[in-house]
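Grab your favourite viewer and work through these exercises with the model open beside you. Each one sets a task, then walks through a solution.

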Amino acid sequence: MSDRKELAHLWEVSGASDLPQEIFGISNVLAPEQVATAVIAVVVDLSQPAEALKSAVAWLQLVRTKLQGVYDWLEHKGSKLPEQLRLRARKYVSSSHEDKDSIQHLGISVVLVAAKEDTFRDVDTEARKFMAQSLRYVAHLNGASLVYIGGLKASTAGIQSSSRTDTAADKAVLDNFRSMLSHMMFTGMDKRMKLRMEPQLDPLRPLMIPFGVDRFVDIGSPSGMASRDIGSQAALDSWLAAAARMFPITVQPVKAPHALDQEVYAEPGIDAVQQELEAKWKARQPVKSPTKAVTSSAISKASLTRLQQARRQTSSLHEQR
């Protein structure tokens, strides 16, 4: 028995769009020495269905752009690792799989996680079916597994029997997801994944679709999208447009800022420090010196005088000739 211990470093990247782009621009995030063992989990929020598909597309594109930059750098150095990673990813699907030439492999293990599934259970059936279709398409296209998880909120007292059943099911799904991540990180996709659940493709139940199980023909397509467009920007635009129609964004009214009574909530010590800092800041601001202005003006006049003298001398020499 080996005493070797393996360690996985977990990085969470989130926030507004500018922040992830800045973080992915750092050299030690998905660095060349990391890509061979890297695992990416892209998490979208099903409690905000209008943003779920857009978020998945944006994050996967961000990962693809970063990886392409790393691959280009490695290939420029003469490394064969990028091609080896792509070949390894292609082996995840059967050689007889009809989509094997249409999947745009990232070269590393990727799982698309749709979180807060429990908040999405009471949504209209057609909306649930469309969400499943669109996320399945994006995951399958990028060579990623797809998992729905929910029930992560704390349990409350007086829970009903149906809720207990849901809680048990949510725990089973979460345990299966943990098993999937563990396999990706410590075993690798070179070996067959042994999961605790069978793949689940029913859109009315929590999806669990390991990469290689799905097919574009089973996923379907939105109206106006031709099968020949699979993998194209036009196809992606069709899915995004259909998502915007299915889940229109509702504009929330802007709340007026709460007026704070400074006298009731006065903090003399903090106010004094704030005034002191403001005074120091004002003292540091540069003030235009009148002397400098006069000096600059005098220099300009002196320069003009010398220029005029040079012109008169040049004119005099021409007249003498």
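## Getting oriented

Among contacts in the protein with a separation of 6 or more, 70% are between residues 24 or more positions apart. Keep in mind that this is a predicted model.

**Exercise 1. Work out how many helices and strands the protein has, and in what pattern they follow one another.**

Step 1: Count the elements; you should get nine helices and four strands.

Step 2: Now read along the sequence, and the pattern comes out as α-β-α-α-β-α-β-α-β-α-α-α-α.

Step 3: For a feel of the burial, take the 321 residues of the protein: 31% of them count as buried.

## The sheet

**Exercise 2. Find the order of the strands in the sheet, and say which ones stand at the edges.**

Step 1: The four strands make an open sheet, ordered β1-β2-β3-β4, with mixed pairing.

Step 2: β1 and β4 (208–209) each have a single partner strand, so they stand at the edges, and one side of each has no neighbour in the sheet.

Step 3: Check the pairs. β1 and β2 are parallel and share seven bridges, while β2 and β3, also running parallel, are joined by four.

Step 4: Pick V111 in β2 as a handy marker. V111 is the bridge partner of A41, and V111 also stands opposite S145 in β3.

**Exercise 3. Sort the residues of β1 by face, covered or uncovered.**

Step 1: Put I40, V42 and V44 on the covered face.

Step 2: That leaves V39, A41, V43 and D45 for the uncovered face.

## Helices on the sheet

**Exercise 4. Describe how α2 and α4 sit on the strands, then how they pack on each other.**

Step 1: Start with α2, which lies across β1 and β2 and runs at about 160° to β1.

Step 2: α4 lies across β2, β3 and β4, at about 150° to β3.

Step 3: Compare the two helices: their axes are 10 Å apart, and the packing angle is about 0°. Angles under 35 degrees count as roughly parallel, and α2 and α4 are therefore roughly parallel to each other.

Step 4: List who meets whom. From α2 come P49, A52, L53, A56, V57 and L60, and from α4 come M131, S134, L135 and V138.

Step 5: Sort that contact by class, and you get nine nonpolar residues, one polar and no charged.

## The cores

**Exercise 5. Which elements give two or more residues to the largest nonpolar core, and which gives the most?**

Step 1: The core itself has 50 residues, and those with the most contacts inside it are L67, L112, M131, L135, Y137 and Y148.

Step 2: Elements giving two or more residues are β1 (39–45), α2 (49–76), β2 (109–115), α4 (125–141), β3 (145–148), α6 (216–219) and α7 (233–246).

Step 3: The top contributor is α2, with 12 residues.

Step 4: Look for a second core. Apart from the largest one lies another of 18 residues, including A89, V113, A115 and L181.

Step 5: Zoom in on Y148. Leaving out residues up to four places away in sequence, Y148 touches L46, A114, E117, M131, A132, L135, V173, R205, P206 and L207.

## Residues worth a click

**Exercise 6. L30 and K116 both have a positive phi: is each one buried or partly exposed?**

Step 1: Recall the background: most residues other than glycine have a negative phi.

Step 2: L30 is not a glycine, yet has a positive phi of about 55°. L30 sits in the loop between α1 (18–24) and β1, and with a relative accessible area of 7% it is buried.

Step 3: K116, also not a glycine, has a positive phi of about 60°. K116 belongs to the loop between β2 and α4, and at 42% relative accessible area it is partly exposed.

**Exercise 7. Place D170 and A127, and list their contacts beyond four places in sequence.**

Step 1: D170 is in helix α5 (residues 161–187). Buried means under 20% relative accessible area, so D170, at 8%, counts as buried.

Step 2: Its contacts are E117, R121, G150 and G151.

Step 3: A127 lies in helix α4 and is buried, at 5% relative accessible area.

Step 4: A127 contacts F120, M246 and F247. A127 and F247 are 120 residues apart along the chain, with their C-alpha atoms separated by 8.0 Å.

Terms used:
Residues numbered from 1 in each chain as written. Predicted model: local features only at pLDDT ≥ 70, side-chain atom pairs only at ≥ 80, totals over all residues. Heavy atoms only, no water. Core = buried A, V, L, I, M, F, W, Y, C linked by side-chain atoms within 4.5 Å. Buried < 20%, exposed > 50% of the residue type's maximum accessible area, 1.4 Å probe, protein only. Contact = heavy atoms within 4.5 Å. Pairing = 2+ DSSP bridges. Axes fitted to C-alpha atoms, helices over the stretch in contact; angles between N-to-C directions. Parallel < 35°, antiparallel > 145°, perpendicular 65-115°, else oblique. Nonpolar A, V, L, I, M, F, W, Y, C, P; charged D, E, K, R; others polar.
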